[in-house]
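User: Please take me through this model by setting each label against its cut-off.

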Amino acid sequence: MAPPVQVSPLIKTARWSALLIGIIYGKRRYDNLKPIAEEERRIEEEEKKVREEKERIAKQLAEANEDTILK
C-alpha cells in the first residue's frame, strides 16, 4: 500500500475554495432554473388536461356515431 500523499495547506485551501464556489454557483444556477422547471410542469399539466379533454370528446363522438348507426 502506498503511503498517503502530503498535500500542502495552500492546495487544501484551494480545493475547499473550489468546492465552496461550486456549491454556491450550483445553488444560484438551481435557483435560476427553478422557475423554468415550474413553468414546464405547468405546461405538462395543461397538455395532459388537453389530451384528456380530446379523449373525452372522441369518446362522446364515438358513442354518438354508435347511437346514430343503431337507429
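Exposure and salt bridges

User: Why is R42 called partly exposed?

Analyst: R42 has a relative accessible area of 43%, and it is partly exposed because that value lies between the limits for buried (under 20%) and exposed (over 50%), with a 1.4 Å probe and protein chains only. This is a predicted model, in which local features need pLDDT of at least 70 and side-chain atom pairs count only at pLDDT 80 or more, whereas totals for chains, interfaces and linings use all residues. Residues are numbered from 1 along each chain as its sequence is written, and side-chain values use heavy atoms, leaving out hydrogens and water.

User: How do you know that E39 and R42 form a salt bridge?

Analyst: Their side chains meet at 2.6 Å, N to O, and the pair therefore satisfies the criterion of a Lys or Arg side-chain nitrogen within 4 Å of an Asp or Glu carboxyl oxygen. E39 is partly exposed at 36% relative accessible area.

User: What makes K27 and D31 a salt bridge, and is each residue exposed or partly exposed?

Analyst: The N to O distance between the side chains of K27 and D31 is 3.0 Å, so the criterion is met here too. K27, at 51%, is exposed, whereas D31, at 34%, counts as partly exposed.

User: How many salt bridges does the structure hold?

Analyst: The structure holds 3, including one in which the side chains of E53 and R56 meet at 2.3 Å, N to O. E53 counts as partly exposed at 35% relative accessibility, as does R56 at 39%.
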